[in-house]
2 protein chains.
Amino acid sequence: MNVAGRPTRTIWPSADGIAVEIIDQTRLPHAFVTARLATLDEAAHAIRAMLVRGAPLIGATAAWGLWLALRADASDAALARAHATLLATRPTAVNLRWALDRVRAHVAPLTPSARATAARQLAMEICDEDVALNCAIGTAGLALLRGIAARKPVGARLNVLTHCNAGWLATVDVGTATAPIYAAHDAGLPIHVWVDETRPRNQGASLTAWELLNHGVPHTVIADNAGGHLMQHGQVDLVIVGTDRTTATGDVCNKIGTYLKALAARDNGVPFYVAAPSPSIDWSLRDGVREIPIEERDVRELTHITGRLPDGAVASVALTPEGSPGGNPAFDVTPARLVTGLITERGVAEASESGLRRLFSDAPAS
Amino acid sequence: MNVAGRPTRTIWPSADGIAVEIIDQTRLPHAFVTARLATLDEAAHAIRAMLVRGAPLIGATAAWGLWLALRADASDAALARAHATLLATRPTAVNLRWALDRVRAHVAPLTPSARATAARQLAMEICDEDVALNCAIGTAGLALLRGIAARKPVGARLNVLTHCNAGWLATVDVGTATAPIYAAHDAGLPIHVWVDETRPRNQGASLTAWELLNHGVPHTVIADNAGGHLMQHGQVDLVIVGTDRTTATGDVCNKIGTYLKALAARDNGVPFYVAAPSPSIDWSLRDGVREIPIEERDVRELTHITGRLPDGAVASVALTPEGSPGGNPAFDVTPARLVTGLITERGVAEASESGLRRLFSDAPAS
């Protein structure tokens, strides 16, 4: 999407052809800084230190990382070492293993001298596939947004609420939950986004707001607490969020607090949609609340917050009294019964096993 | 409640008898600092600049402020001027007008020379009444907590979730939502409190956590987003929150985000109680969502956050990108249908007109 009026991806090959470049997302929203990754170690560091984040972007970065490793040493041993190094950066990300396995399977049968070029080409393909997937979600979501807009007075603002960042910064481009939003905005619909701050890591306030601001989409940042009140007063036409993991039955595991918005949407008759690319679906799971383990993250994410001082420097401040313990579950599960529909790359599915299987008859059995 | 092991109120007459002292709550939780108010202007400033906050404490401070004014000048004109000055400090606080009117009505008929002493005595009474009211809520709530604890294994932790600060810092002592918690803790129940951070002003993370820490009540600070997940996993036995305004029908207007917790409690079969002292009940209101105007506060409360730098200094940092607008509704309304009961100073009422009238048959007609 656009940054300062210029179409930009989150990761791209450098002009000199010997490295990849990324947006250093740890600097957002206070500075737009790119970083150059020229070695395996630099790619691994970028994932580990969260210069890149979001499952699809992590996968893409890992694929490029294998290319960087193979450029330096294309032996079987080096390939195995690079795979292991990159896999260890963020052990829980599904796309990470998927991308690494895919590149390894593709290049392993080749002679070492052919591996780097093949890896480079596949990394590029993985990036393009991600963008195509997200665009397909955007197309499906756009039809849905047009339908909702058609029931409003002509020219009335269409208010979407989103939580966390399932935006282009989490993917290679376009994003998942943001795909319908960008599609609608670019198509001229008068869309406005309520951006949940998304404590404790503030991905909404820092990343989603920054994305929308740079692409020119009208938006308003709100506290996570505010969404229910806005829905009670008719200020939200629909909710669209992303998903980290979707069960075969349509339960959705997403950033902590998503469930609360789904409850408020249900209580106020507001449609609640989840942008769910098929790679997010775990066909082996049937009960999200019972089966999906929820990561308990470092409490410092809650007790300290990073922002911009008046002089422009970025600093971290403590919010809680010294001595008060904190808890930091990172995700929650929204049961399928609260989900109006899953926006997939093949269209909008009912959030149920039959609804998903209707679109994905080729999926593995549960 | 205790601060460093010593029973403390939020406001008290100074030892030398010519001023009042308060806790400067703008310095919490990073420093415990008291301030001395010796003049009308100092009292007005303390309310305006939120050194004191919380409706009951604002009322008490205003009463003391009238005494300070009358000590300097007890004429009719000075009384009128002081009343007007204090009333203008926080125009929306109900208790502020109530306390000021009460002191004025009490001293106006007296000769000027008798006014200051009478005002001082009444200010002290207003404080003691507030404490007695809160203790009565604590007694009613304790019975309720004992009932819930009795259904758990012996010795099992009793988990209460609270939102914002309806604690002793918002009152003269004991607090409203915290009154049952302190009563239970002091009675030896193994109580543990999930403290909602309460964005955007962080009253939970900064004030409620500080209170509980100082009184020795086990607690854990969580993001506002986390409560639903905890309830899904059986980690919350009940919710107790405060109320800024309660309708005659039992709707509750409280800090933004309260409604989301009420929805989650309902969805998970968790009792949701509101500590509602009768002065919070507005007998003229019947539909909280439709009738109660919600204050939209300065967006800087959302976009900037104050905390402690590593060197101990307190600083404010910006969270959002420059140019992203924000919205900041300060309260929301929880419909009575989601409220299990209202804990009043006369006992626990069903959240309905008949439930409230059963305990308050002497209340004005709607």
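**Exercise 1.** In this predicted model, determine how much area is buried between domain 1 of chain A and domain 2 of chain A, and what share of that area carbon and sulfur atoms give.

*Solution.* Begin with the buried area, which comes to about 1800 Å² between domain 1 of chain A and domain 2 of chain A, with 60% of it given by carbon and sulfur atoms. Next, identify which residues of domain 1 of chain A lose the most area to domain 2 of chain A: these are Asn2(A), His30(A) and Arg53(A), which together account for 31% of what that side buries. Then place the two parts along the chain, where domain 1 covers 2–128 and domain 2 covers 139–359, and note that their centres, taken over C-alpha atoms, are separated by 26 Å. Finally, list the participants in the contact, to which domain 1 of chain A contributes 21 residues and domain 2 of chain A contributes 17 residues.

**Exercise 2.** Describe how helix α2 (residues 55–72) of chain A packs against helix α5 (residues 112–150) of chain A.

*Solution.* Start from the geometry: the two helices, α2(A) and α5(A), pack at an angle of about 170°, and their axes lie 8 Å apart. Because angles over 145 degrees count as roughly antiparallel, α2(A) is roughly antiparallel to α5(A). The handedness follows as a separate step, and here α2(A) passes α5(A) in a left-handed crossing. Turning to the residues, those of α2(A) that meet α5(A) include Trp64(A), Trp67(A) and Leu70(A), while the partners in α5(A) include Ala119(A), Met124(A) and Ile126(A). Classified by character, the residues of this contact of α2(A) with α5(A) comprise 12 nonpolar, no polar and 4 charged.

Note on methods: Residues are numbered from 1 along each chain as its sequence is written. Chains are lettered from A and ligands numbered from 1 in the order in which they are written. This is a predicted model: local features need pLDDT of at least 70, side-chain atom pairs count only at pLDDT 80 or more; totals for chains, interfaces and linings use all residues. Side-chain values use heavy atoms; hydrogens and water are left out. Axes are lines fitted to C-alpha atoms, for helices over the stretch in contact, and angles run from 0 to 180 degrees between N-to-C directions. Helices (H or I, at least four residues) and strands (E, at least two) are DSSP runs, numbered from the N terminus. Angles under 35 degrees count as roughly parallel, over 145 as roughly antiparallel, 65 to 115 as roughly perpendicular and the rest as oblique. A crossing is left-handed if the near helix is turned anticlockwise from the far one by less than a right angle, and right-handed if clockwise. Contact means heavy atoms within 4.5 Å. Ala, Val, Leu, Ile, Met, Phe, Trp, Tyr, Cys and Pro count as nonpolar, Asp, Glu, Lys and Arg as charged, and the others, Gly among them, as polar. Domain bounds come from an automatic or database domain assignment. Buried area is the accessible area (1.4 Å probe) that two parts lose on being put together, summed over both.
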